[in-house]
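These are my comments on the model, as numbered points. Please read them with the structure open.

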Amino acid sequence: MTGADRHFDSDTGDGTDRGPDNGLADGLERLWTPHRMTYISGEDRPEGGYEKPTGCPFCLAPGLPPDSSLVVARGEHVFAVLNLYPYNPGHLLVCPYRHVADYTELDAPETTELAAFTKDAMRVVRQVSNAHGFNLGMNQGGVAGAGIAAHLHQHVVPRWGGDANFMPVIGRTKVLPQLLADTRDLFAKAWPA
């Protein structure tokens, strides 16, 4: 047996051979994020897809009760909602109520309010969580990375120095230290009236 084939259990140090398929512990700790599997597998995707408002989570969210919708703030033309599968804690989406896919389809009042809500989102996240910076953006179309391409949404992703550590880079896992409902409550209380 070579050194590469031999693994030591961190608790016992017994040097037992632990191949990848034998089911024995390998000494690594794991952080489980089972909520991500729903997104990865598409289990929560409606049968007809997201193309129609009846299956679109961004069309449905404003009509749900606050404790299950994750909507943080509502405007006349747009609303802010926490991303159900966030890249970072506090990852918000600013969405028009109207089911449109492309930025060019927004009318002037929607465009204006979307910009204002994006600014408010940045201010609220800074106030509540002291974000050091942000990634802002829209993925227009599936080929551009939009998971729900049929309903336009602006991402507001807070960033902190050192937030891209080994977990997402090596472990393909993101550690989120706060429940979404708790984040929603903090942001909703801090949102300007």
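1. Strand 2 and strand 3 run antiparallel and are joined by 5 bridges. One pair in this ladder is Val 78 with Pro 96, the latter in strand 3. Note that this is a predicted model, and the points below should be read as statements about that prediction.

2. On its other pairing, strand 3 meets strand 5, again in the antiparallel sense, over 3 bridges. Here Val 94 has Gln 154 of strand 5 as its bridge partner. Strand 5 is also joined to strand 4, by 5 bridges and with the two running antiparallel. In that pairing Gly 133 stands opposite Arg 159 of strand 5.

3. How many residues of strand 3 are buried? The count is 5 of 5, so strand 3 is largely enclosed by the rest of the structure. In a regular strand, side chains alternate between the two faces of the sheet. Strand 3 is covered on both faces: Leu 92, Val 94 and Pro 96 are buried on one side, and Leu 93 and Cys 95 are buried on the other. Strand 5 is mostly covered too, with 5 of its 6 residues buried.

4. His 155 deserves a look. This residue sits in strand 5, which covers residues 154-159. Its relative accessibility is 11%, which is why His 155 counts as buried, the cut-off being under 20%. The side chain of His 155 makes a polar contact of 2.8 Å with the side chain of His 91. Leaving out residues up to four places away in sequence, His 155 touches Asn 83, Tyr 87, His 91, Leu 92, Leu 93, Asn 135, Leu 136, Gly 137 and Asn 139. Anyone assigning protonation states will want to look at the pair His 155 and His 91, whose side chains are joined by that contact.

5. Helix 4 spans residues 108-129, and its length can be checked against its residue count. With 22 residues at 1.5 Å a residue, helix 4 should span 32 Å; the end C-alpha atoms are 31 Å apart, so the two agree. At the N-terminal end, Asp 107 acts as a cap, with a side-chain oxygen 2.9 Å from the backbone nitrogen of Glu 110. After helix 4 comes Asn 130, which has a positive phi, near 55°.

6. Which residues of helix 4 are buried? They are Glu 110, Glu 113, Leu 114, Phe 117, Thr 118, Asp 120, Ala 121, Met 122, Val 124 and Val 125. An α-helix has 3.6 residues a turn, so residues three or four places apart point the same way. The cover over the buried residues of helix 4 includes strand 1 (71-74), strand 2 (78-82), strand 3 (92-96), strand 4 (133-137), strand 5 and helix 6 (180-190).

7. Pro 109 is also part of helix 4. Its relative accessibility is 41%, so Pro 109 counts as partly exposed. Pro 109 and His 77 are 32 residues apart in sequence, with their C-alpha atoms 7.2 Å apart in space.

8. The largest nonpolar core contains 33 residues, and Leu 92 and Trp 191 have the most contacts inside it. At least two residues of this core come from each of strand 1, strand 2, strand 3, helix 4 and helix 6. Helix 4 supplies the largest share, 6 residues. Beyond its neighbours within four places in sequence, Trp 191 is in contact with Val 72, Ala 73, Ala 80, Leu 92, Phe 117, Asp 120, Ala 121 and Val 124.

9. As to the whole protein, there are 6 helices and 5 strands, in the order α-α-α-β-β-β-α-β-β-α-α along the sequence. Of the 193 residues, 35% are buried. Among contacts between residues at least 6 apart in sequence, 58% join residues at least 24 apart.

10. Last, confidence. The mean pLDDT of the protein is 79, and 66% of its residues reach 70 or more. The pLDDT is below 50 over residues 1-13, a stretch that has 14 contacts in the model beyond near neighbours in sequence. Residues 15-20 also have pLDDT below 50, with 14 contacts beyond near neighbours in sequence.

Key:
Residues numbered from 1 in each chain as written. Predicted model: local features only at pLDDT ≥ 70, side-chain atom pairs only at ≥ 80, totals over all residues. Heavy atoms only, no water. Helix = DSSP H or I, 4+ residues; strand = E, 2+ residues; numbered from the N terminus. Buried < 20%, exposed > 50% of the residue type's maximum accessible area, 1.4 Å probe, protein only. Polar contact = N/O pair within 3.5 Å; in protein donor to acceptor, adjacent residues only side chain to side chain. Contact = heavy atoms within 4.5 Å. pLDDT = per-residue confidence, 0-100. Expected span 1.5 Å × (residues − 1). Core = buried A, V, L, I, M, F, W, Y, C linked by side-chain atoms within 4.5 Å. Pairing = 2+ DSSP bridges.
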